[in-house]
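Colleague: I should like to learn how to read a protein model, feature by feature. May we begin with its surface and then turn to its interior?

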Amino acid sequence: MVKFLLRRLTVAVLVALTVLTLSFLLTRLSGDLAISIAGPSATAQDVEIIRQAYGLNRPVYVQYLDWLFRAVQGDFGDSYFFRDRVSNLIGARLPITMTLGLVGLGLALIVALPLGIIAAVRENTWLDRTVMMVALVGQAMPSFWLGLILMVWLGLNLGLLPISGTGGPEYYVMPGIVLAFSAIPSLMRLTRSGMIEALSSDYIRTARAKGLSRLSILVKHGFRNAAIPVVSIAAVQLGFMLGGSIVIETVFAMHGVGYLAWESISKNDYPVVQAVVLVLALIYIALTLLADLLNAVLDPRLRTA
Amino acid sequence: MSGAVLPGQGAWRRLLRNAGFALGALIVGIVLVVAILAPWITPYDPFAVNLEARLVPPSFMEGGTAANFLGTDQLGRDYLSRLIYGARISMIIGIATVITSGLIGTTIGILGGFYGGRVDDVVMFLITARLSIPVVLVALAVAGLLGSSFLLVILVLGLLLWDRFAVVARSTTMQLRTLDYVSAAWCAGSSQMSVLMREILPNIATHLAVVATLEMALAILLEAALSFLGLGVPAPLPSWGLMIAEAKEYMFFTPWVILVPGIALFVLVLGVNLLGDALRDMLGTDLSR
């Protein structure tokens, strides 16, 4: 178990370092960052001033080590556009994105788990096929478009929910539904296939032979085993949702980190963009690590992996 | 990922009888033909502005005219013509991304699965690192830095979406490596390259085809999302995502303006996914992750 933990932790740290390096390289893609910051109408002199001011005249490896050293301490520098530290900006907006992600995941689980179980129990019936059709539709739905449709339908026509903006719980419903839509197909398929496998196993036959109630067999014996892969995919899906939050937050004008990133990209505010990429990647790494640990706790067979 | 690597006997016959496959093939086939024939079947120039006929509803709706079957956009451009040219953009992005990412991912995956050991550790690390990178965000950031263009979208998506190819190529190669016919090829004195290209690759091809459909669907959706956010395919190209973005301002008054390109996008992606699902059923494996 200790060996497994150490191995997973080492990989996570190495991946985190890779992502740190990549997010540094990302902003150096254009060749000369000073020219990009200065904008198209800047003179050569302006560019030189910016190069001095942001320390871009130093050798690249010095800039890289400087960025790495500070980033590890949670210091991402100052925003070019907002008069604030990047870490403050992200800290203020991360709760919105996290809440949205959790709402999305919660909604997705509420829909995906029962449907997946029903489909498995009624395998190869019309019910099963209908559920699988729902998965296909969910997979094909462009999230930003679904967001707009909901805005027109629930927001304008029915007047049930606020159309867009940041605020109380009611502002999280529509974006949450849209996010959930993207996670439902894979969660549902996995629950279904896990349940089908579990239900055809020997221990279920034993449980039936013992005369246990149908519900008790389904929940205690079937779902408990099917839930193992679902737990890890749920964590991974949350990571994907946070990464994809930029689209949903922009559509609904929710001021989370995704919206912050979009604003910063359009304003050439690279320190912020860099930091958001990094933070979302680190959260994803932490979530997958958590998922692996949860799996090891739930399923002892995996601990030797 | 259980089940045999190789499709069983009669698999192709089963596939052809699958209703989902038929529907998927029909949708993708139609879009492909429309995309190829675009210059010959569009009623109007998709870029021709007509400020006197702006936001004309489709001909089957109230106020529509026979001249513009799907109406016109906010600049009076024929919506049907733009939609048809948009199919070209989606198909080119989808296919080009799959080819790029497929080459990268398959190479990486086969190497890991075939050689195992240290090589596989590196491959697994690459996959893990790639998965931790938020695709949409990075694609937007790169487009913001370098300036968005059609080619850049293909390049960025191609360089980012190889992970699933690598995962599947790796695990299927691993299963094949120990099979008798591969050992037989070794014994017969085949070179490493020849074993990889002639024994392994053809036998994992169907699995890669399933991944290809998933990635194509994803690439089409991502291009639309990037274009919708203004950092994908640049205007005035009629990307479906861009059409939705341009129509967004008017959607509260005339909802059909976002419905037309949105439904087109949805149906195409559904078609591609149906193909993939049917292929997966045929193989009897679950690659949905």
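Modeller: Let us start with the nonpolar patch, bearing in mind that this is a predicted model. Helix H2 (19-41) and helix H3 (79-115) of chain B each contribute at least two residues to the nonpolar patch.

Colleague: Which helix gives the most to the nonpolar patch?

Modeller: That is H2(B), with 6 residues. The patch covers about 880 Å², and its members are B:Leu32, B:Val33, B:Ile36, B:Leu37, B:Trp40, B:Ile41, B:Ile95, B:Ile99 and B:Leu103.

Colleague: Is B:Ile99 buried or exposed?

Modeller: A residue counts as exposed when its relative accessible area is over 50%. B:Ile99 has a relative accessible area of 51%, so this residue is exposed. Its place is in helix H3 of chain B.

Colleague: How much surface does chain B expose as a whole?

Modeller: The exposed surface of chain B is about 12200 Å², with 68% of it supplied by carbon and sulfur atoms. For chain A, the accessible surface is about 14400 Å², and carbon and sulfur atoms hold 66% of that area.

Colleague: What share of the residues is buried in chain B, and what share in chain A?

Modeller: Here one counts residues under 20% relative accessible area. In chain B, 55% of the 289 residues are buried; in chain A, the figure is 50% of 305 residues.

Colleague: Why is B:Asn273 counted as buried?

Modeller: B:Asn273 is buried because its relative accessible area is 5%. This residue sits in helix H11 (residues 256-283) of chain B. Apart from neighbours within four places in sequence, B:Asn273 has contacts with B:Leu214 and B:Ala217, and also with A:Leu136, A:Gln139 and A:Ala140.

Colleague: Where in chain A is A:Val272 found?

Modeller: A:Val272 belongs to helix H13 (residues 270-298) of chain A. Its relative accessible area is 0%, and therefore A:Val272 is buried. When residues up to four places away in sequence are set aside, A:Val272 touches A:Ser79, A:Val86, A:Leu89, A:Leu260 and A:Ser264.

Colleague: How should I read a distance between two residues of one chain?

Modeller: One sets the separation along the chain beside the separation in space. A:Val272 and A:Lys220 are 52 residues apart along the chain, and 47 Å lies between their C-alpha atoms.

Colleague: What do the contacts say about each chain as a whole?

Modeller: One asks how far apart in sequence the touching residues are. In chain B, among contacts with a separation of 6 or more, 75% are between residues 24 or more positions apart. In chain A, 73% of the contacts between residues at least 6 apart in sequence join residues at least 24 apart.

Colleague: How many helices and strands does each chain have?

Modeller: Chain A has 13 helices and 0 strands, while chain B has 11 helices and 0 strands.

Colleague: What are the overall dimensions?

Modeller: One takes the extent of the C-alpha atoms along the principal axes. Chain B fits a box of roughly 75 × 45 × 30 Å, and the C-alpha trace of chain A spans about 85 × 60 × 30 Å.

Colleague: Finally, how does one read the charges?

Modeller: One counts the positive and negative side chains and then locates the centre of each set. Chain B carries 16 positive and 17 negative side chains, with the two centres 8 Å apart. Chain A has 23 positive and 17 negative charges, and their mean positions are 14 Å apart.

Notes: Residues are numbered from 1 along each chain as its sequence is written. Chains are lettered from A and ligands numbered from 1 in the order in which they are written. This is a predicted model: local features need pLDDT of at least 70, side-chain atom pairs count only at pLDDT 80 or more; totals for chains, interfaces and linings use all residues. Side-chain values use heavy atoms; hydrogens and water are left out. Helices (H or I, at least four residues) and strands (E, at least two) are DSSP runs, numbered from the N terminus. Buried means under 20% relative accessible area, exposed over 50%, partly exposed in between (1.4 Å probe, protein chains only). Contact means heavy atoms within 4.5 Å. Accessible areas come from the Shrake-Rupley method with a 1.4 Å probe; for residues, only the protein chains shown count as cover. Lys and Arg count as positive and Asp and Glu as negative; His and the chain ends are not counted. The place of a charge is taken as NZ of Lys, CZ of Arg, CG of Asp or CD of Glu. Patches are made of residues with over 30% relative accessible area and no salt bridge: like charges are joined within 9 Å, nonpolar side chains (Val, Leu, Ile, Met, Phe, Trp, Tyr) within 5 Å. A salt bridge is a side-chain nitrogen of Lys or Arg within 4 Å of a carboxyl oxygen of Asp or Glu.
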